[in-house]
Amino acid sequence: TWYNPVQKASDEFEEEEEEDEEKEQPEEPEPETGPQLLTSVAEDAKVENLPSWSARLTSSIMPHYAVAIVSSNLWPGAHAFTFSKMFENIYVGWGLKYTATPFNPLLPPPVQDEFPSGADITETTDPTVEQEAALRVAQEEAQAKQDEEEEVEDSDDD
């Protein structure tokens, strides 16, 4: 059975119809239809001039104990097997249809060269705590000296 996820109950539809008269309703999806149940496999589409199904027995030595296997040529990995009155279906695969040309993904781009190193780009060692403290003191002194010069210039302008 097909379920329409867009369909609303009649009560909800009447209430929202008044509110949403100006809004466009989304298009309802078309129900999917497939072949009728229990149709012949001979009616299935051919795959690259092959039948859509391949049948075989598991043993030709003792055919009365053999299991009959039918494999799909369109969906590799889809198999049905039966023995006596028991049957089962199984699918083991990637969910991709058969294609005559194999899938070959694009190659990744070539590996990039390492970043060029030169005189302006070199690694250095981290400064010690004492060197950082000395730099901070020097920067504070330079800032204080610059502030004093600005104050002197401002007082001269007045």
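**Entry 1: helices and strands**

I began by counting elements and found two helices and four strands in the protein chain. I kept in mind that this is a predicted model. Next I read the order from the N terminus, which is α-β-β-β-β-α. I wrote down some of the ranges: α1 covers 10-19, β1 covers 53-57 and β2 covers 68-72. I added β3 at residues 78-83 and α2 at residues 129-157.

**Entry 2: the chain as a whole**

How many of the 158 residues count as buried? I looked it up, and the share is 7%. The protein chain exposes about 15600 Å², and carbon and sulfur atoms supply 55% of that area. I also checked contacts between residues with a separation of 6 or more: 15% of them join residues 24 or more positions apart.

**Entry 3: the loop between α1 and β1**

I spent some time on three residues here. Glu-48 sits in the loop between α1 and β1, and Asn-49 has its place in that loop too. I looked up their backbone angles. Most residues other than glycine have a negative phi. Glu-48, though not a glycine, has a positive phi of about 50 degrees. For Asn-49 I noted a phi near 60 degrees, again a positive value in a residue other than glycine.

Then I asked myself whether Glu-48 is buried or exposed. Its relative accessible area is 53%, so Glu-48 is exposed, the cut-off being over 50%. Asn-49 counts as exposed as well, because its relative accessibility is 78%.

Ser-52 was my third stop, also in the loop between α1 and β1. With a relative accessible area of 7%, Ser-52 is buried, since buried means under 20%. Which residues does Ser-52 touch, leaving out those up to four places away in sequence? I listed Val-41, Asp-44, Ala-45, Val-47, Ser-71, Ser-72, Asn-73 and Leu-74.

**Entry 4: Ala-80 in β3**

I moved on to Ala-80, which lies in strand β3. At 22% relative accessibility, Ala-80 counts as partly exposed. Leaving out residues up to four places away in sequence, I found Ala-80 touching Ala-68, Ile-69, Val-70, Glu-88 and Asn-89. I also checked a distance: Ala-55 is 25 residues from Ala-80 along the chain, and their C-alpha atoms are separated by 9.4 Å.

**Entry 5: a nonpolar patch**

Which residues make the nonpolar surface patch? I noted Ile-61, Met-62, Tyr-65, Phe-83 and Met-86, with a patch area of about 580 Å². I picked Tyr-65 for a closer look and found it in the loop between β1 and β2. Tyr-65 is exposed, because its relative accessible area is 54%.

**Entry 6: a negative patch**

My last search was for charge on the surface. A negative patch is formed by Asp-147, Glu-148, Glu-149, Glu-150, Glu-151, Glu-153, Asp-154 and Asp-156. Where does Glu-149 lie? I placed Glu-149 in helix α2. Its relative accessibility is 44%, so Glu-149 counts as partly exposed. I wondered why a partly exposed residue can belong to a surface patch, and the reason is that a patch asks for over 30% relative accessible area.

Technical notes
Residues are numbered from 1 along each chain as its sequence is written. This is a predicted model: local features need pLDDT of at least 70, side-chain atom pairs count only at pLDDT 80 or more; totals for chains, interfaces and linings use all residues. Side-chain values use heavy atoms; hydrogens and water are left out. Patches are made of residues with over 30% relative accessible area and no salt bridge: like charges are joined within 9 Å, nonpolar side chains (Val, Leu, Ile, Met, Phe, Trp, Tyr) within 5 Å. Accessible areas come from the Shrake-Rupley method with a 1.4 Å probe; for residues, only the protein chains shown count as cover. A salt bridge is a side-chain nitrogen of Lys or Arg within 4 Å of a carboxyl oxygen of Asp or Glu. Buried means under 20% relative accessible area, exposed over 50%, partly exposed in between (1.4 Å probe, protein chains only). Contact means heavy atoms within 4.5 Å. Lys and Arg count as positive and Asp and Glu as negative; His and the chain ends are not counted. The place of a charge is taken as NZ of Lys, CZ of Arg, CG of Asp or CD of Glu.
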